[in-house]
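Biologist: I am new to reading protein structures. Could you walk me through this one, feature by feature?

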Amino acid sequence: MKNLLLTTTIAFALAAPAFAAGTHDGGHDDDHADKHSEMMIGMPGDAAKVDRTIDVTMRETDDGDMIFEPASLEIVKGETIRFNVMNKGELEHEFVVDTVEGNAEHKEAMAKMDMEHDDPNSVRLDEGGTGEVIWKFANEGTFEFACLIPGHYESGMHGPITVGEKMAQADVEYTTGKIKKIDAKVGKVTIIHGPLVNLDMPAMTMVFRADEATIANMSEGQDIEFVAERVKGKLTVTQMK
Ligand SMILES: [Cu+2]
C-alpha cells in the first residue's frame with residue numbers, strides 16, 4: 001500500500017504543469033499564458049520515453065540572417081522528441097517551442113527586458129554550446145520553434161512545427177530528379193525533376209534551396225528521389241534518398 005501511494009504521488013508531480021511557478025529569471029509571473037500554451041503544444045517529455053531525436057543547429061549566415069536548421073519540423077501526434085540543440089553561431093541563441101501566439105507574447109516581453117527562459121520548452125545556449133529539450137507533442141496543429149532574443153526572430157529565427165497523424169507522414173510523396181548544378185555557397189541546387197504533386201507543379205528544371213547537410217549528400221549528375229516544400233516562401237528540398 002505504501003508503494004502504491006508513492007507511485008501515485010510521483011505520477012501526479014510529473015503531470016503537474018511545470019510552468020506554473022513562473023521560472024523566468026526576469027521575474028514576470030503571468031503564468032496563465034504559459035499553462036495554456038503548454039496544453040496546446042504538449043508537455044515536457046520523459047527522457048526514458050523518447051521516440052526520436054532531432055538535431056537542431058542555430059547560427060548566423062554570411063548575409064546577416066539568423067537561422068535554424070532544419071527550417072521546419074514535422075512531428076507525429078503523441079511523439080516525444082529529444083531536440084539536440086547546437087549553437088554553431090557567434091551569438092547567444094535560444095530554441096523555444098510554443099504556439100505562435102505564445103512565442104509572440106514572450107517575444108514582446110523580452111523586447112522590454114532580456115530575461116532568460118528556464119522553462120522545459122526552451123534552451124538558451126552561448127556560442128558553441130549544446131543542450132536539449134525533451135518535449136511530448138500531444139496535440140495536432142501548427143506550432144512554432146523560435147529564438148526570442150530581441151531581433152533574432154525578425155532575422156529569421158523561427159519555423160513551423162507541424163504535428164499531424166501518422167498517415168500524413170507516410171503519405172509524403174518522393175519525386176524523382178537529376179541534380180544539374182550545385183551552388184553550395186548560397187545553398188541552392190538546380191534539379192531536373194518530375195511532377196511535384198504536393199506543390200502542384202509539373203515536371204521541369206528548377207532551383208531549390210537546401211541546407212548544408214542535404215547539399216553535402218548531393219553531387220552534380222546524381223539521380224535522386226526527393227521531397228520539396230515551400231519553406232518561408234522558398235522552394236526547399238526537405239527530404240532526399
Ligand atoms: Cu537567436
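Modeller: Gladly; we will go through a sheet, a helix and the nonpolar cores. Please keep in mind that this is a predicted model.

Biologist: Let's begin with the sheet. In what order do its five strands lie?

Modeller: In general, strands of a sheet pair through backbone hydrogen bonds, and the sense may be parallel or antiparallel. Here the order is S4-S10-S9-S6-S7, forming an open sheet with mixed pairing. S4 and strand S7 (122–125) are at the edges with a single partner strand each, so one side of each has no neighbour in the sheet. On average, neighbouring strands are turned by 20 degrees against each other, ignoring direction.

Biologist: Which pairs can I look at to see both senses?

Modeller: For the parallel sense, try S4 and S10, which pair over four bridges; there Ile-75 stands opposite Val-163 in S10. For the antiparallel sense, take S6 and S9, joined over three bridges, where you can find Val-96 opposite Ala-146 in S9.

Biologist: Which side chains of S4 point to one face, and which to the other?

Modeller: In a regular strand, side chains alternate between the two faces of the sheet. Along S4, Leu-73 and Ile-75 point to one face and are buried. Glu-74 and Val-76 point to the other face and are not buried.

Biologist: Now the helix. How do I read H3?

Modeller: Start with its length: helix H3 spans residues 100–112, 13 residues in total, and reaches 19 Å from its first C-alpha to its last, close to the 18 Å expected at 1.5 Å a residue. Then look for its buried residues, which are Gly-102, Asn-103, His-106 and Met-110. They cover an arc of only 95 degrees around the axis, so they lie on the same side of H3. Glu-108 and Lys-112, on the other side of H3, are exposed.

Biologist: Which residues have the most contacts inside the largest nonpolar core?

Modeller: Those are Phe-95, Val-97, Phe-145 and Cys-147, in a core of 28 residues. Among the elements giving two or more residues to this core are strand S5 (80–87), strand S6 (93–98) and strand S9 (141–146). A second, separate core has eleven residues, including Ile-215, Phe-226, Ala-228 and Val-237.

Biologist: And what does Cys-147 touch, leaving out residues up to four places away in sequence?

Modeller: Its partners are Met-58, Met-66, His-93, Glu-94, Phe-95, His-152, Tyr-153 and Met-157. Try finding Phe-95 among them, since you have already met that name in the core.

Definitions and conventions: Residues numbered from 1 in each chain as written. Predicted model: local features only at pLDDT ≥ 70, side-chain atom pairs only at ≥ 80, totals over all residues. Core = buried A, V, L, I, M, F, W, Y, C linked by C-beta atoms within 7 Å. Buried ≥ 20, exposed ≤ 12 C-beta atoms within 10 Å, placed from the backbone. Contact = placed C-beta atoms within 7 Å. Pairing = 2+ DSSP bridges. Axes fitted to C-alpha atoms, helices over the stretch in contact; angles between N-to-C directions. Expected span 1.5 Å × (residues − 1). Arc of directions from axis to C-beta.
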